[in-house]
Structures are given as C-alpha cells and as structure tokens.
Amino acid sequence: PDDVVEEILLRLPPDDPACLFRASLVCKAWRSAVSHPHFRRRFIGLHRHRAPPVLGFLHNWKDERLPDFVPTTASPFSLAAPDRRFWRPLDCRHGRALFLSDDRQETQELLLWEPITGARQGIPVPSAFRCDWPTAAVFCAADGCDHRDCAGGPFGVVFVFTLDISPNADVVTSACLYSSETGTWGKLNSREYEFSMDFEHHSSVLVGRSLLYFLSDGGMILEYNLGSGELAVFRPPPDDYGSDNHRFNLMLAEDGGLGVAEAIDFQLILWKREVSDGTNARWVLSRIVDLDIDPCTLVPVLGFAEGANAVFVKTVGSLFMIELQSEQAKRVCHNHGFCNLIPVVSFYTPHSRLQVPGGEHQDPAPRLNLLRRGGQQGVWEEKSLELAQLLFDKGCKAINEEDLAHAADCFRHVLEIRVRRYGGLAPECASTFYRYGGALLCKAQEAANRSGNVSKRAPNEESITPTTNKDDCEEGMLYHLYHFHHYRLKYVTVFCIVLQVYGMVS
C-alpha cells in the first residue's frame with residue numbers, strides 16, 4: 001500500500017541522501033511521494049531532534065577533475081552547483097548558497113542558489129563596489145523560523161568590501177544589507193581603518209540573529225550588526241600556541257557565541273570570545289581535541305558547518321570532517337590543495353523538477369523573484385544580455401576551432417542568463433539550446449571515435465603505450481561508450497526543448 005511505502009521511505013537515513021534519490025527513480029509513484037512537500041515536512045519532523053547532515057561542500061580550487069560540489073555522504077551523491085569557473089562560492093546558510101561572478105566579467109553580480117530545489121536568482125552587486133576580494137553572507141529573514149526548511153522564503157544578504165582611497169590615506173571598509181522583500185540594497189555603512197582587508201580564504205559565521213562575523217586573510221575579524229549596521233574590527237586569539245593568523249577559522253562556540261578553531265600538530269584548539277561589562281571582551285581557551293587521524297601534521301582549519309557543529313581540516317594527504325560534539329573524524333577525500341570550503345548543511349529530499357544527465361538543470365525554473373533596484377534593473381539586465389552574446393560568439397568560435405568542451409561551457413553559461421531573462425521555452429533561447437546540444441553531440445562523437453584505442457586516464461597524463469591488456473581496453477571502451485550515451489541523451493533532451501520552442505511538438 002502507498003501509505004506503507006511512504007512510512008518506509010520516511011525512515012531512510014538522512015545522512016545518506018542517495019538512498020532517497022535512488023528511491024525516487026524506482027517509479028513515478030515513489031517519486032511523487034518523496035518529492036511532495038508533505039513528505040519533506042514529515043521527513044524533517046521525524047528527525048527534528050538531530051542536527052541536519054552535512055551533504056558536502058563547495059570550493060574554489062580550480063582543478064577540472066574535481067566536481068563543483070564535493071559530497072561527504074556515505075553513498076555517491078551530487079548537487080548541480082553553479083560552475084566555479086564562472087561563480088566563486090562565498091557562503092551557504094539556511095538552505096541557500098551565495099556566489100560571486102568572475103571578476104573578469106564586465107559587470108559582476110551575485111547568484112543565490114538553493115541546493116535542494118535548484119532555484120537560482122541573480123542579484124546585482126552594490127553600485128559602490130570596487131575591489132578584488134569582497135565577501136558576502138546570506139541568511140533567512142523569516143521571523144520564528146527554525147532554519148530546517150526555510151528555502152523559498154525571505155532572505156537577506158550582507159556584502160562587505162574594502163576600498164583604498166589613496167596610498168597615504170586610510171582604507172575604507174564598507175558593508176550594506178540587501179532584503180529580498182524590498183528587492184533593494186540598504187544604506188552603505190563604512191568605517192576607515194589603517195589596513196586593507198581581503199576575504200579569499202574564509203567565510204562568515206552568524207551568531208544569534210543579529211551579528212555576522214567575517215575573518216579577513218590578514219587575520220582581522222570584522223563584526224557587522226544586522227540591526228544597526230555598525231561595523232567593528234578586533235583581533236583573533238593570541239598566538240601562544242605557536243600558530244599564525246592563517247591557521248584560524250571562525251566557528252560557533254558551545255554556548256552559541258563567537259568561537260575560533262585552529263589545528264596544530266595532532267590537536268584541534270577551540271577558543272571562545274567572552275564578553276564582560278557589555279563592552280570588553282577576551283578570548284578564552286574552550287577545549288583541546290586530540291585527534292587520532294592521518295599520521296601527518298594538521299594544517300589550517302578550512303571551514304565550519306553551521307547547524308551541524310563540524311569543522312574541516314586537512315593533512316598533507318587527506319581532508320577530514322570532525323564532529324565537535326563526538327570528536328569523531330571522518331575522512332572525506334584526498335587533499336587537493338583546498339584553501340576554503342563552504343559546507344552545505346540541509347535535510348535532502350528529491351525535488352519534483354527533473355534534471356538532465358550530469359546534474360545540470362535543463363531549465364533554471366522555478367525562478368525566484370528578480371531584484372528590482374529602482375531604475376537600475378533594466379541596465380543590469382541589458383549588460384547581462386551583452387555578456388551572454390559575447391559568450392555565445394566565443395562558443396561559436398570554439399566550435400570552429402574544435403574546442404568542444406569550451407564551446408559547451410560557453411553555451412551553458414549563455415543559457416543560464418537567457419533562460420533567467422526570457423524563460424526556458426522562449427524563442428530567444430532556441431539558438432543557444434541548438435548550439436549547446438550540437439556541441440555536446442560532437443563531444444560525444446569525438447569520445448566515441450577514441451574509444452577503440454584510448455583507455456581511461458586522468459587529464460594531462462602521458463599517453464599510454466599500446467601494451468595494455470584486454471581488460472584495460474574493455475574498460476576504456478566502456479568508459480567512452482558511457483560518455484557517448486551520456487552526452488547523446490543530453491543532446492536529445494536539449495533538442496526536444498528546441499522543438500517545443502518552435503511548436504513542432506506538443
């Protein structure tokens with residue numbers, strides 16, 4: 001009976017989301033059951049006494065072999081994260097992730113992405129923004145929300161950047177708050193300091209409902225008050241343990257206040273900031289966690305998972321996630337040289353929207369409300385469309401030069417812009433869908449042509465001599481055959497969209 005099936009599916013482990021995803025592929029009835037909002041409410045309610053799981057993390061490490069989203073779950077699992085070659089992840093909190101577009105683009109913008117639903121929304125950066133390494137934080141703005149399932153509701157974004165006025169003058173650090181309910185940026189709050197602050201290696205921490213903290217690359221901590229908009233700067237804990245500023249990372253202390261974690265040798269050292277007399281504050285050593293992991297010296301803490309109370313640390317050879325309550329360490333993957341991790345913490349249930357192979361959304365719908373910033377919205381959209389045309393021309397040039405991978409990437413990014421502007425079935429998107437599908441099909445044919453004499457190997461690896469045995473040849477053929485069908489199916493899906501646009505099929 002359907003009700004019995006639902007009761008069984010509700011009891012699948014939340015820390016292994018691949019189980020629910022596989023269940024959604026069994027049949028239409030099961031997919032309809034697990035993707036229904038009622039199922040999600042019951043699923044979260046059944047596990048209300050436990051912390052949401054860490055699904056994985058976003059990162060900025062530019063290695064083509066690594067996915068944009070790296071899972072930390074027991075079974076293989078993936079989310080269709082924005083391409084990090086175009087978007088730099090800044091923050092993730094309350095069911096939303098925040099990205100900043102590549103600084104090589106003429107007009108930069110923020111991108112809000114909901115990992116569970118896949119919904120995306122573009123947000124223009126504040127007009128006063130001009131610097132190389134800004135940062136931003138996103139948070140839920142709904143009153144009384146427990147932040148276990150608040151995606152789709154009102155949210156806020158705090159954008160922080162510094163501006164050098166002149167070589168002999170102080171540096172101005174500015175922050176402003178965006179509200180999704182008004183669709184506008186608020187007043188720009190600024191303060192002058194003697195030093196500049198870049199934010200490349202660390203993300204933010206939200207303390208309570210009113211204080212956001214950012215750690216600069218130079219080791220200074222910036223406090224932003226959501227209520228008053230005031231800015232304050234103070235230093236991290238002392239380096240009595242022989243560390244330096246780059247070893248610190250912000251976290252929440254056990255009492256819910258601001259904390260800092262650092263990894264030295266085989267120990268994780270936790271600090272908390274105690275406030276006395278309402279004004280003065282000092283750093284106090286909270287706890288030292290002895291770690292029994294890889295026999296290598298620990299290096300800086302890379303990220304803190306809010307809501308799950310876990311930190312990421314790396315050794316020379318591996319990356320580990322450490323649950324602070326149980327002090328258990330879990331090896332996540334190899335150390336690929338990560339410098340900053342943005343953990344994704346949420347309960348996962350499959351969404352009703354279908355995805356094309358490879359985890360890429362065919363249509364960025366459901367669309368969120370576009371930003372309305374007075375009379376500037378039209379200018380921003382016009383510049384985004386100009387960027388789309390530029391990328392479209394680059395994609396056509398890449399096809400002529402037989403650089404099919406680059407062409408597919410260009411057309412995919414053009415689709416993100418044009419579909420967000422016109423809609424997935426608009427005639428303005430038809431030529432891009434057609435070009436994207438053609439690039440994917442040519443890429444698949446190229447892989448299939450090589451399948452007879454090329455085996456599976458890592459990028460930039462030297463060619464393998466033809467001394468491979470029969471099993472190796474079969475493995476290579478199966479590998480490329482898989483990719484051929486993978487891209488062919490994507491092409492068919494894209495081509496069906498083109499037919500729908502021109503009304504050739506219902």
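In the predicted model, Cys410 is buried, with a relative accessible area of 2%. Cys442, by comparison, is partly exposed, its relative accessible area being 37%. A search of the whole structure for disulfides returned 0. Cys410 accordingly takes part in no disulfide, and the nearest cysteine sulfur, which belongs to Cys396, is 9.4 Å away. A pair of cysteine sulfurs counts as a disulfide within 2.5 Å.

The largest nonpolar core contains 30 residues, of which Tyr213, Ile221, Leu250 and Leu268 touch the most other members. Strand S17, residues 258-264, supplies the largest share of this core, with 5 residues. A second core, separate from this one, consists of 19 residues and includes Phe392, Ala407, Phe433 and Leu440. In soluble globular proteins, nonpolar side chains tend to be buried together. The surroundings of Ile221 were examined with its neighbours within four places in sequence left aside. Its contacts then include Tyr213, Phe214 and Leu215, together with Ala232, Val233, Phe234, Arg235 and Pro236. Leu250, Val260 and Trp283 are also in contact with Ile221.

Strands S3, S4, S5 and S6 form an open sheet in the order S3-S4-S5-S6, with antiparallel pairing. Its edges are strand S3 (87-93) and strand S6 (120-124), each of which pairs on one side only. With direction ignored, neighbouring strands of the sheet are turned against each other by 25° on average. The antiparallel pairing of S6 with strand S5, residues 109-113, extends over 5 bridges. Within S6, Gln121 is the bridge partner of Leu112.

Strand S22 comprises residues 318-323 and is mostly covered, 5 of its 6 residues being buried. S22 runs antiparallel to strand S21 (residues 310-314), to which 5 bridges join it. Lys314 has Leu319 of S22 as its bridge partner. The connection between S21 and S22 is a hairpin through 3 residues. S22 also runs antiparallel to strand S23 (residues 328-334), with 6 bridges joining the two. Here the bridge partner of Ser318 is His334 in S23. The hairpin of S22 and S23 has 4 residues between the strands, and in this hairpin Glu327 adopts a positive phi near 60°.

Positive phi values in residues other than glycine were also found at His147 and at Glu402. His147 is located in the loop between strand S7 (135-140) and strand S8 (155-164), and its phi is near 65°. The residue is partly exposed, with a relative accessible area of 23%. Glu402 has a phi near 60° and lies in the loop between helix H5 (376-400) and helix H6 (404-422). Glu402 is exposed, because its relative accessible area of 62% is over the 50% cut-off.

Technical notes
Residues are numbered from 1 along each chain as its sequence is written. This is a predicted model: local features need pLDDT of at least 70, side-chain atom pairs count only at pLDDT 80 or more; totals for chains, interfaces and linings use all residues. Side-chain values use heavy atoms; hydrogens and water are left out. Buried means under 20% relative accessible area, exposed over 50%, partly exposed in between (1.4 Å probe, protein chains only). A nonpolar core is a set of buried Ala, Val, Leu, Ile, Met, Phe, Trp, Tyr and Cys residues joined through side-chain atoms within 4.5 Å. Contact means heavy atoms within 4.5 Å. Two strands pair if DSSP finds at least two bridges between them. Axes are lines fitted to C-alpha atoms, for helices over the stretch in contact, and angles run from 0 to 180 degrees between N-to-C directions.
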